[in-house]
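Trainee: I have some labels to check. Could we go through how each one is earned?
Mentor: Yes. Let us look at the model and take the labels in turn.

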Amino acid sequence: MSLTPEIDAFLGCATPHAWIEAALADQETLLIDHKNCEFKAASTALSLIAKYNGHLDLINMMSRLAREELVHHEQVLRIMKRRGLSLRPVSAGRYASGLRKLVRAHEPVKLVDTLIVGAFIEARSCERFAALVPHLDEDLAKFYHGLLKSEARHYQGYLKLAERYGERDDIDRVIGRVREAEAELISSPDQELRFHSGIPMAKAA
């Protein structure tokens with residue numbers, strides 16, 4: 001039974017088992033990139049507040065979201081410290097930039113598209129936590145299971161804001177377009193393992 005049925009219905013595909021195997025085999029990179037993702041999520045929320053500072057509903061949600069994502073960032077850092085893992089540079093994957101290429105350049109649809117992309121990123125995070133939980137050690141499984149509810153709430157919040165500022169027919173079209181592109185990014189071969197990567201390609205010996 002799925003831990004995230006609503007999320008699974010929203011996304012265009014499930015995380016491939018090959019990604020789960022690669023993530024389990026390199027949990028150090030996974031945790032470092034997860035930490036980076038939490039920080040980027042907080043940064044994105046603060047950037048939206050700065051750019052759309054007349055949108056009260058958006059400001060209220062993004063302020064809460066930024067605080068929560070920074071708490072998650074600190075929690076991942078503590079887990080890494082307990083495991084004796086050191087920080088090192090990890091390049092950004094193609095996922096978020098690939099989705100943001102779909103965002104239209106003019107307002108107000110630029111905001112709506114940005115919010116829909118945010119919803120997909122949060123939904124995929126939630127789905128990946130759920131996919132990993134059954135395979136992790138007790139400490140990390142408990143942490144990732146605890147994140148499911150907050151990530152699902154963030155996904156719902158992004159969608160509600162898109163509906164607040166956009167038109168239903170247009171939103172549905174954008175969701176369809178982003179869903180297709182997101183599924184392709186998740187299910188196709190990828191150069192590196194990242195939290196939101198596609199299927200990592202085996203490195204040459």
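Trainee: How much space lies in the largest pocket?
Mentor: About 670 Å³. Keep in mind that this is a predicted model.

Trainee: Which residues lie nearest the centre of the largest pocket?
Mentor: Lys 40, Thr 44, Ala 96, Arg 100 and Ile 121. They belong to a lining of 35 residues.

Trainee: Which helices each supply at least two residues of that lining?
Mentor: α3 (27-51), α5 (95-100), α6 (109-132) and α7 (138-165). The largest share comes from α3, with ten residues.

Trainee: What is the make-up of the lining by class?
Mentor: There are 13 nonpolar, ten polar and twelve charged residues in the lining of the largest pocket.

Trainee: Now the rings. How many aromatic pairs are there?
Mentor: The count comes to seven aromatic pairs.

Trainee: Why is the pair of Phe 10 and Tyr 155 called tilted?
Mentor: Start with the general idea. A ring pair is described by the distance of the centres and the angle of the planes. The centres of Phe 10 and Tyr 155 are 4.9 Å apart, and the cut-off for a pair is 6.5 Å. The planes stand at 55 degrees. Stacked needs under 30 degrees, and edge-to-face needs over 60. The angle of 55 degrees meets neither, so the pair is tilted.

Trainee: What makes this pair a tie between parts of the chain that are apart in sequence?
Mentor: Phe 10 lies in helix α1 (residues 5-10) and Tyr 155 in helix α7, so the pair ties together parts 145 residues apart in sequence. Both Phe 10 and Tyr 155 are buried.

Trainee: Which residues do ring pairs link into a cluster?
Mentor: Trp 19, Phe 129, Phe 143, Tyr 144 and Phe 195.

Trainee: How do you know that Arg 128 lies over the face of Trp 19?
Mentor: Arg 128 is at 3.9 Å from the ring centre of Trp 19. The distance limit is 6 Å. The direction must also be within 35 degrees of the ring normal. Arg 128 is listed as lying over the face. Arg 179 likewise lies over the face of Phe 10, at 5.6 Å from the ring centre.

Trainee: How do you know that Cys 37 is in no disulfide?
Mentor: The closest cysteine sulfur to that of Cys 37 is in Cys 126, 14 Å away. A disulfide needs sulfur atoms within 2.5 Å. Therefore 14 Å is too far for a bond. Cys 126 is in no disulfide either. A search of the whole structure finds zero disulfides.

Trainee: Why is Cys 126 called buried?
Mentor: Its relative accessibility is 1%. Buried means under 20%, so Cys 126 counts as buried.

Trainee: Why does Phe 143 count as buried?
Mentor: The value for Phe 143 is 13% relative accessibility. That is under 20%, so Phe 143 counts as buried. Phe 143 is found in helix α7. Its C-alpha is 8.7 Å from that of Gln 75, and 68 residues separate the two in sequence.

Trainee: Why is Leu 70 called partly exposed?
Mentor: Leu 70 has 31% relative accessibility. Buried needs under 20%, and exposed needs over 50%. The value lies in between, so Leu 70 counts as partly exposed. Leu 70 sits in helix α4 (residues 56-82). The C-alpha atoms of Leu 70 and Ala 42 are separated by 6.2 Å.

Trainee: What makes Glu 192 partly exposed?
Mentor: At 36% relative accessibility, Glu 192 falls between the two limits, so it counts as partly exposed. Glu 192 is in the loop between β1 (189-190) and β2 (199-200).

Trainee: What kind of peptide bond joins Glu 107 and Pro 108?
Mentor: A cis peptide bond, with omega about 0 degrees. Pro 108 is in the loop between α5 and α6.

Definitions and conventions. Residues numbered from 1 in each chain as written. Predicted model: local features only at pLDDT ≥ 70, side-chain atom pairs only at ≥ 80, totals over all residues. Heavy atoms only, no water. 1 Å grid on protein atoms, 1.4 Å probe; cavity = no way out; pocket = protein on both sides within 12 Å on 5 of 7 lines; lining within 4 Å. Points joined across faces, edges and corners; volume = space filled by probe spheres on them. Helix = DSSP H or I, 4+ residues; strand = E, 2+ residues; numbered from the N terminus. Nonpolar A, V, L, I, M, F, W, Y, C, P; charged D, E, K, R; others polar. Phe/Tyr/Trp six-rings, centres within 6.5 Å; stacked < 30°, edge-to-face > 60°. Buried < 20%, exposed > 50% of the residue type's maximum accessible area, 1.4 Å probe, protein only.
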